[in-house]
Amino acid sequence: MAEKTPPFSDWDDLAADFFTTDFTAPLPPPPPLPPPAHPAPTAPTTDSHWPPPPGPHHSTSLPEFSPSSSAAAAAFFHPPPRTAVDPSCPPPLELRPRPLRETQAGVSLRSIACAGSALWAAHDAGVRVWDLTDVFRGAAEKRNKRRGDEESAPFLESCRVPPAICLAVDLGRGVVWSGHRDGRILGWRMEKGVAVRNLEMDRSGDFKECIVWEAHRAPVLSMVVTPYGELWSGSEGGVIKVWSMEAIDESISLRAEESRKAASLVERSYVDLSSLVTDGGVSPLPTVDVKLLLSDTSRSKVWSGGYLSFALWDCHTKELLKVISTDGQIETRFDVLSVQDPYEEQDTKMNFFSLKKEKSQGSMSFFQRSRNALMGAADAVRRVAVKAAFGDDNRRTEALAMSMDGMIWIGCANGSLAQWDGNGHRIQEFQHHSSAVQSICTFGTRLWVGYIDGTLQFMDLEGNLLGGWVAHSGPIIKMAVRGSYIFTLANYGGIRGWNLSSPGPLDSILRSELTKKELSYKKAEYLKMLVASWNVGQERASYDSLNSWLGSAASEIGLVVVGLQEVEMGAGFLAMAAAKETVGLEGSPNGQWWLDTIGKILYGASFEFVGSRQLAGLLIAVWAKRNLKQYIGDIDTAAVPCGFGRAIGNKGAVSLRMRIYAQSVCFVNCHFAAHMEAVSRRNEDFDHVFRTMTFSSPSSRLLASAAGASAVQFFRGANTTNNTKSELSEADMVVFLGDFNYRLHDISYDEAMGLVSQRCFDKLREKDQLRAEMRAGRVFQGLREGQLMFPPTYKFEKHQPGLSGYDSSEKKRIPAWCDRILYRDSRTASGAECSLNCPVVSSISLYDSCMDATDSDHKPVKCIFNVDIAHADELVRRKELGEIILTNKKLRCLLEELQVIPEVLVSTDNIILQNQEISAVRVTNKCSRNNAAFEIICEDMSSVNEEEQTSMSCGSGSSGFPKWLKVTPAVGLIYPGQTVEVSFQHGLLNPQEVLCFSQNRCSEDNQDKIAMLLLKITGCYHTEAKRYRINVQHSSSRMPFTSKGAKPSGPWMW
């Protein structure tokens, strides 16, 4: 019998007054006519059955319908590949396994940095520190083991302070700086080599800061320590402050009881860079948030970056060298009113500007003052526009880093990478990925790039792509290098370490050994899930109906999933619901009634609410037992309208996705097109839902809706294409439930009623449109269903019990199984057992309708699943990884080869400077195979042996180069057999520096000056270093040090 599709099948079930209702939100034009319907295939006489999986929990399970369709159709919804050790990426060190999102409220990690042998993290309640020499020992201490950190490596926690946003490592002072949302900067003392030992503790056992001061009244967005020991900090509105090296050195040397004096000393020492470059009331600096700061130690420069432009500074003189846009154009406009920190109220600055105003008031014309006022208003508008529309410009800057060869790398939201030289000239651009760049990290001869989709790529210093893998399931927001690892921080708080040589032979050994030990770290869980669906026809059910439908959840069930259709369906309601969706709002009085009523029934059985999503008349909600809920999280929801113009929610789907025991489980509540003839339309609805369902957390959905379409693209990832794999296909288990509206074909009303009364469901199933379409591979490809052993659930007269309640009106609608529950787990073969390769295995113990419920023209259905879930105990796996690294001889040999530090020859260890003459030290890489990376830092003078007595005074504190010394380059690469020349020159002080801190105790020109520097040499696959001491003297008397030869002073390693 040929099917006939009505011309406007997507307008079904709309109220009669729909087209006469005055809508506030405009609706899209009518869609094009659907393609001609295909004839229904002839159903085979027998069904294909999928036997229960092995295991004690599935021995009494029901047989399942699994169509024998083509391989292509089966692959349409094929389970995602899972393995104990992912073969597509190197085995990571799980420093902090992925926590559930709901556990991170108030403690979300924002940034990471490595110092000494430790990894520091900034979070919403302060900072925490992992000792990287102790990561394989066990779990975090009990007092730190809050939800989300159960499997984390041991760490120390700071005392509770306002949210930390950024970190800066100051190795010279032995301090890690943290910038905070309240505008303060805190210093945390560390010890060289072992940064997590002997820290100051408060009464609770958490370590405390050593110094704190009010830096900005807006959040501190970025910080950097320059080679001269100064701390630069960036905030909102283009504000950049430079904090004096001498003031910081003196402050951190004070005792704890002198904290107020220390804070006051630093707070008075800063230089506001915007005031230095302001001329005539205007400034060349863009008034955008300074979210990026980078110290170019090889050239003594600092880069400050906003959304679409950069400023290049001389960190020695504080001179603004240039302002450049992200496309390389030099900004020459001086039409931006200078912006001081609006909250600063220092009397000296106010007096200075009031004096300046009095002097210039007479000479400034009325038109000039008007012009400045207009420019100020225009700038205010521009600031708001830039902040509000940054998601619209895919050229916005997201990351900034300098490679060892001195090149500057900038990552953009469109996925491109731009290479710049140290003078601010844009050299070339690379495009290796379509997603937005989120972070960049460099070490040795490699450049790592983290993207918003969780991809990690690495390149050589020429920009050539060498490889990459999916490192996280979310954006990689920060990276840091220490030891032989590069650590990546995902936005959800997970931290992973990847070997610097990956991918390579190390990974193959680790992958093989970890796979052999799978049984030691595999954990198995079991739960029962009740999944229930009901088209309620805009009615509210009685307590007896609900209890009959869901009452079985009281004892053995761990998770309850309820899907409702037609909760509310009036024309005005549908229009209003569509309008609310555009601003991220949902819900209705009827929907809330159902949530409250079902909740009251389940709360008595120790259930707690997990989450819900409503789209017009569609509602899905989940409840979990209290003892199970702690293992459930990462709740995401989604909705896809399939009604009028694919915009109205009278038809469509709502979905809720979660992680249970670390595995992804997804539930989709659907309501597809009605009427016997609309088979192809129903198939199209499923296909549309499957391909376009996009999940988001409730907070990000509200933010995206408020920001508009461009922001939606931002949250999904820039430059996504239509070929992107469906998010539904990535779940380990997917359950579809709802009113699919498939009917019985080629059968009359009387024939159907006769078979129903005789309970001859086998013959009825042969007429089922859904199973026929599934056999043909046109819908629900790869999904299975329990055996239909209950009467058809549609259509009934309301409030009439039993089989006599079927439709007896003039229309005499043929009974049909409209309401269904289908699913797919991780199995690709019926005999597969639950394992880390097949993490979710399920079977059906009950599939039935509730004939006692008479409140709607549909009967509710329910299905009980027996679910086995396998997941890795990351605590045990991390221990096993450490054991493999420690005991595997082949692995140890490879690690020792990678950790070799190239031998270098240093031409001299004594430099004597006279006036402005330039002296040089030549460093030669004697190795014929390995590159050598070098860095020059200033050593703490207190570490000099007492035998090296001298009457000359120190030229600097231990935190950076003395102000009188220029070292170029201070970092770089030395290729095998090559020589690098490092120049040393006496530099004049900037008068501004003298004004800012005139109490410099040892910078007078008439004194001899000495500095003791360290030349650090590392390889390219480990941060372990050899150090060579170099003495630099500036003296008119030319009194040299006694040369002892440039000998290494011992490795600096962890």
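Is Asp762 buried, partly exposed or exposed? Select Asp762 and check. At 49% relative accessibility, Asp762 counts as partly exposed, because the exposed class begins only over 50%. Keep in mind throughout that this is a predicted model.

**Stop 1: helix H17**

Stay with Asp762 and add Arg765. Their side chains form a salt bridge, 2.0 Å from N to O. Both residues belong to helix H17, residues 761-765. They sit three residues apart, about one turn of the helix. In an α-helix, residues three or four places apart point the same way, because there are 3.6 residues a turn. Now colour by accessibility. Arg765 counts as buried, at 6% relative accessibility. Asp762, its partner, is partly exposed.

**Stop 2: a salt-bridge network**

Next, select Arg101, Glu102, Asp636, Arg657 and Glu727. Salt bridges with shared partners join these residues into one network. Zoom in on Asp636 and Arg657. Their side chains meet in a salt bridge of 3.1 Å, N to O. This pair links distant parts of the chain, 21 residues apart. Show the strands: Asp636 is in E37, residues 632-641, and Arg657 is in E38, residues 652-660. Asp636 is buried, with a relative accessible area of 7%. Arg657 is buried too, at 18%, because the cut-off for buried is under 20%.

**Stop 3: Asp170 and Arg173**

Jump to Asp170 and Arg173. Here the side chains form a salt bridge of 2.4 Å, N to O. Both residues are buried. For the wider picture, the structure holds 46 salt bridges.

**Stop 4: Pro792 in its loop**

Select Pro792. It lies in the loop between strand E41 (784-786) and strand E42 (819-824). How accessible is Pro792? Its relative accessibility is 0%, so Pro792 counts as buried. Now show what surrounds it. Beyond its neighbours within four places in sequence, Pro792 contacts Val756, Phe761, Leu764, Tyr806, Pro815, Ala816 and Trp817. Draw a distance to Pro815. The C-alpha atoms are 5.8 Å apart, although 23 residues separate Pro792 and Pro815 in sequence.

**Stop 5: Arg682 in helix H13**

Move to Arg682, in helix H13, residues 679-692. Arg682 counts as buried, at 0% relative accessibility. Which residues does Arg682 contact, leaving aside its neighbours within four places in sequence? Display Phe672, Ala673, Ala674, His675 and Met676, then Phe740, Asn741, Tyr742 and Arg743, and finally Gln769. Pick out Phe740. It is 58 residues from Arg682 in sequence and 7.4 Å away in space, C-alpha to C-alpha.

**Stop 6: helix H10 and its cover**

Show helix H10, residues 571-581. Its buried residues are Ala571, Phe573, Leu574, Ala575, Ala577, Ala578 and Ala579. Add strand E35 (607-615), which is included in what covers them.

**Stop 7: H19 against H20**

Finish with helix H19 (residues 874-887) and helix H20 (residues 889-898). At what angle do their axes cross? The axes of H19 and H20 cross at roughly 75° and come within 6 Å. H19 is therefore roughly perpendicular to H20. Show side chains at the contact. H19 supplies Ile884, Ile885, Leu886 and Thr887. H20 supplies Lys889, Leu891, Arg892 and Leu895. Colour the contact by residue class: five are nonpolar, one is polar and two are charged.

Note on methods:
Residues numbered from 1 in each chain as written. Predicted model: local features only at pLDDT ≥ 70, side-chain atom pairs only at ≥ 80, totals over all residues. Heavy atoms only, no water. Helix = DSSP H or I, 4+ residues; strand = E, 2+ residues; numbered from the N terminus. Buried < 20%, exposed > 50% of the residue type's maximum accessible area, 1.4 Å probe, protein only. Contact = heavy atoms within 4.5 Å. Salt bridge = Lys/Arg side-chain N within 4 Å of Asp/Glu carboxyl O. Axes fitted to C-alpha atoms, helices over the stretch in contact; angles between N-to-C directions. Parallel < 35°, antiparallel > 145°, perpendicular 65-115°, else oblique. Nonpolar A, V, L, I, M, F, W, Y, C, P; charged D, E, K, R; others polar.
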